[in-house]
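Take a walk through this structure. Start with the overall plan, then turn to the details.

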Amino acid sequence: MYFVDRSVAVIKPKQPFHQWLHALPDNDLDLTLDTLRSNCNAILLPDFDEPEQCIAYLDEIYEQLFQMELAGWCEDSALWPQDRSLKAFWEWFDVEIHSQVFDSVEGDITNRDAADELE
């Protein structure tokens, strides 16, 4: 095992996200909130000493996170909620912070620009 010098945040949708998802036109998904919350995005963060520092960092990048979560389900930004404020982000998502990250694979980690993946 290899220690990774990062913290991790797991972004878990809450009821407002679930309601938005089911209100999308032509949506035939039959997902429960529990199902949505069972396989969530994990975001690597800087290696902070205190959980409050992680929250402050998330507050700085919340717009990117909000857009990433919405785009994962609906690419048409015209269908996204108009209120994508910091307050709305915290109403729409729970965030689990984990301060220790380990890599079980020997070898380098490769980074790719997430924006390229969304195109």
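The paragraphs below go from the overall fold to salt bridges, a pocket, a surface patch and a few single residues.

This is a predicted model. The chain holds five helices and five strands. Read from the N terminus, these elements follow the order β-β-α-α-β-α-α-β-β-α. Along its principal axes, the C-alpha trace spans about 45 × 30 × 25 Å. The chain has 119 residues, and 30% of them are buried. Buried here means under 20% relative accessible area.

Next come the salt bridges. The structure has five of them. Side chains of opposite charge can pair when their charged atoms come close. Begin with E96 and K12, whose side chains meet at 3.2 Å, N to O. E96 belongs to strand 4 (residues 93-98) and K12 to strand 2, so this pair ties together parts that lie 84 residues apart in sequence. How accessible are the two partners? E96 is partly exposed, because its relative accessibility is 33%. K12 is at 17%, so it counts as buried. The cut-off that puts K12 in this class is 20% relative accessible area.

Strand 4 also contributes D94. D94 forms a salt bridge with K14, and the closest N and O atoms are 3.6 Å apart. The two ends of this contact are 80 residues apart: D94 sits in strand 4, K14 in the loop between strand 2 and helix 1 (15-23). D94 has a relative accessible area of 31%, so it is partly exposed. K14 is partly exposed as well, at 24% relative accessibility.

Which other residue does D94 meet in a salt bridge? The answer is R37, with an N to O distance of 3.1 Å. R37 lies in the loop between helix 2 and strand 3 (41-46), 57 residues from D94, so this pair also links distant parts of the chain. R37 is partly exposed, with a relative accessible area of 24%. Shared partners join K14, R37 and D94 into one network.

Now look at the second largest pocket. Its volume is about 160 Å³. Which elements give two or more residues to its lining? They are strand 2 (6-13), helix 2 (33-36) and helix 3 (51-71). The lining residues are I11, P13, L31, T35, L36, N39, C40, N41, M68, E69, G72 and W73. By type, the lining divides into seven nonpolar residues, four polar and one charged.

Strand 2 therefore appears in two settings. K12 in strand 2 pairs with E96 of strand 4, so the strand takes part in a link between distant parts of the chain. Strand 2 also gives two or more residues to the lining of the second largest pocket.

The surface has a nonpolar patch. M1, F3 and F102 make this patch, which covers about 400 Å². F102 lies in strand 5 (residues 101-103). At 48% relative accessibility, F102 counts as partly exposed. Residues of a patch need over 30% relative accessible area, so F102 meets that condition.

One backbone angle deserves a look. D26 has a positive phi of about 60°, although it is not a glycine. Where does D26 lie? D26 is found in the loop between helix 1 and helix 2. Its relative accessible area is 80%, so D26 is exposed.

Two C-alpha distances complete the tour. I55 lies in helix 3. I55 and A9 are 46 residues apart along the chain, and their C-alpha atoms are separated by 9.3 Å. I55 counts as partly exposed, at 32% relative accessibility. The second pair is A23 and D103. A23 lies in helix 1. A23 and D103 are 80 residues apart in sequence, and 39 Å lie between their C-alpha atoms. A23 is exposed, because its relative accessibility is 59%.

Note on methods: Residues are numbered from 1 along each chain as its sequence is written. This is a predicted model: local features need pLDDT of at least 70, side-chain atom pairs count only at pLDDT 80 or more; totals for chains, interfaces and linings use all residues. Side-chain values use heavy atoms; hydrogens and water are left out. Patches are made of residues with over 30% relative accessible area and no salt bridge: like charges are joined within 9 Å, nonpolar side chains (Val, Leu, Ile, Met, Phe, Trp, Tyr) within 5 Å. Accessible areas come from the Shrake-Rupley method with a 1.4 Å probe; for residues, only the protein chains shown count as cover. A salt bridge is a side-chain nitrogen of Lys or Arg within 4 Å of a carboxyl oxygen of Asp or Glu. Helices (H or I, at least four residues) and strands (E, at least two) are DSSP runs, numbered from the N terminus. Buried means under 20% relative accessible area, exposed over 50%, partly exposed in between (1.4 Å probe, protein chains only). On a 1 Å grid over the protein atoms alone, a cavity is a set of points where a 1.4 Å probe fits but cannot get out, and a pocket is an open set with protein on both sides within 12 Å along at least five of seven lines; lining residues have an atom within 4 Å of a point. Grid points are joined across faces, edges and corners, and a volume is the space filled by probe spheres set on the points. Ala, Val, Leu, Ile, Met, Phe, Trp, Tyr, Cys and Pro count as nonpolar, Asp, Glu, Lys and Arg as charged, and the others, Gly among them, as polar.
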